[in-house]
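Please work through the exercises below with the sequence and the model at hand. Each one sets a task and then gives a solution that goes step by step.

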Amino acid sequence: GSAAVRAALGTTGSLYARDSIIGSVSQLAGVPAGAIIEQGSNSNGNYTKFADGTMICRFTSGTEYTTSNAQGSLYFSNGANMVYPAAFVSTPEVAPSNKQASGSPAANFQYSYNQTPTGVSVGGFSPAPTARFFPGYIAIGRWY
């Protein structure tokens, strides 16, 4: 009932505790209504949702790709079509993050294309025709 307690609780009378920081985030008409941070994973990767609407998705494929398609002095791989573990409301910013395979003969470089709110395609290129890598990405955008 004191002014100090009312100030700490805010206008809703709610106080975040250790058990309400991490859990299911939600929103109602654009106002956060659940926990502050939600983390999850499925076969498509990992995601972290924040109460302010920010979401980060990340994934590295377990399937190895090879740069074997010649184009000029570079070699490209086929692209890996990936679905995000949780959908964004609009197309997120995507940073491809290919992991070079052990013993691969040359460094490879990654690229992304076909970016949508639900997925992305990631490929690699290299000056060597046999560079091997595991495609992946980090995507940052909004879940609401």
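The exercises that follow concern a predicted model, and they go from the whole chain to its sheets and then to its aromatic rings.

**Exercise 1. Describe the protein chain as a whole: how many helices and strands does it have, and what percentage of its residues count as buried?**

Step 1. The secondary structure of the protein chain consists of 2 helices and 15 strands.

Step 2. Burial is then assessed over the 144 residues of the chain, of which 33% count as buried, while the accessible surface comes to about 8,100 Å², with 55% of that area belonging to carbon and sulfur atoms.

Step 3. Among the contacts with a separation of 6 or more, 61% are made by residues 24 or more positions apart.

**Exercise 2. Trace the sheet of 5 strands: in what order do the strands lie, and which of them are the edge strands?**

Step 1. The strands form an open sheet in the order 3-4-5-15-10, and the pairing is antiparallel.

Step 2. Strand 3 (37–42) and strand 10 are the edge strands, since each of them pairs on one side only, and the twist from one strand to the next averages 15°.

Step 3. Starting from strand 3, one finds 6 bridges that join it to strand 4 in the antiparallel sense, with isoleucine 37 having phenylalanine 50 of strand 4 as its bridge partner; the two strands form a hairpin with 2 residues between them.

Step 4. Strand 4 (residues 45–50) is in turn paired with strand 5 (residues 54–60), again antiparallel, over 4 bridges, and here tyrosine 47 has cysteine 57 of strand 5 as its bridge partner.

Step 5. At the other edge, strand 10 is joined to strand 15 (residues 136–142) by 4 bridges, the two running antiparallel, and proline 96 stands opposite tyrosine 137 of strand 15.

Step 6. In a regular strand the side chains alternate between the two faces of the sheet. For strand 10 (residues 93–96), Val94 and Pro96 make up the covered face, whereas Glu93 and Ala95 make up the uncovered one.

**Exercise 3. Analyse the open sheet of 3 strands: which strands stand at its edges, and why is one side of each left without a neighbour in the sheet?**

Step 1. The order is 6-14-11, with antiparallel pairing.

Step 2. Strand 6 (65–66) and strand 11 (99–100) each have a single partner strand, and therefore they stand at the edges with one side left without a neighbour in the sheet.

Step 3. The pairing of strand 11 with strand 14 (residues 132–134) is antiparallel and rests on 2 bridges, with phenylalanine 133 of strand 14 as the bridge partner of glutamine 100.

**Exercise 4. Examine the aromatic rings: why is the pair of tyrosine 111 and tyrosine 113 stacked, and which charged residues lie over the face of a ring?**

Step 1. The structure holds 10 aromatic pairs. In the pair of tyrosine 111 and tyrosine 113 the ring centres are 5.8 Å apart and the planes are at 25°, so the pair is stacked, because planes under 30 degrees apart count as such.

Step 2. Tyrosine 111 has a relative accessibility of 21% and therefore counts as partly exposed, and tyrosine 113, at 31%, also counts as partly exposed.

Step 3. Both tyrosines belong to a cluster that ring pairs build from Phe76, Phe109, Tyr111, Tyr113 and Phe125.

Step 4. As for the charges, lysine 49 lies over the face of tryptophan 143, at 5.1 Å from the ring centre, and arginine 142 lies over the face of tyrosine 144, at 5.5 Å from the ring centre.

Terms used. Residues are numbered from 1 along each chain as its sequence is written. This is a predicted model: local features need pLDDT of at least 70, side-chain atom pairs count only at pLDDT 80 or more; totals for chains, interfaces and linings use all residues. Side-chain values use heavy atoms; hydrogens and water are left out. Buried means under 20% relative accessible area, exposed over 50%, partly exposed in between (1.4 Å probe, protein chains only). Two strands pair if DSSP finds at least two bridges between them. Axes are lines fitted to C-alpha atoms, for helices over the stretch in contact, and angles run from 0 to 180 degrees between N-to-C directions. Contact means heavy atoms within 4.5 Å. Accessible areas come from the Shrake-Rupley method with a 1.4 Å probe; for residues, only the protein chains shown count as cover. Rings of Phe, Tyr and Trp (its six-membered ring) pair if their centres lie within 6.5 Å; planes under 30 degrees apart count as stacked, over 60 as edge-to-face and the rest as tilted. A charge sits over a ring if NZ of Lys or CZ of Arg is within 6 Å of the ring centre and within 35 degrees of the ring normal.
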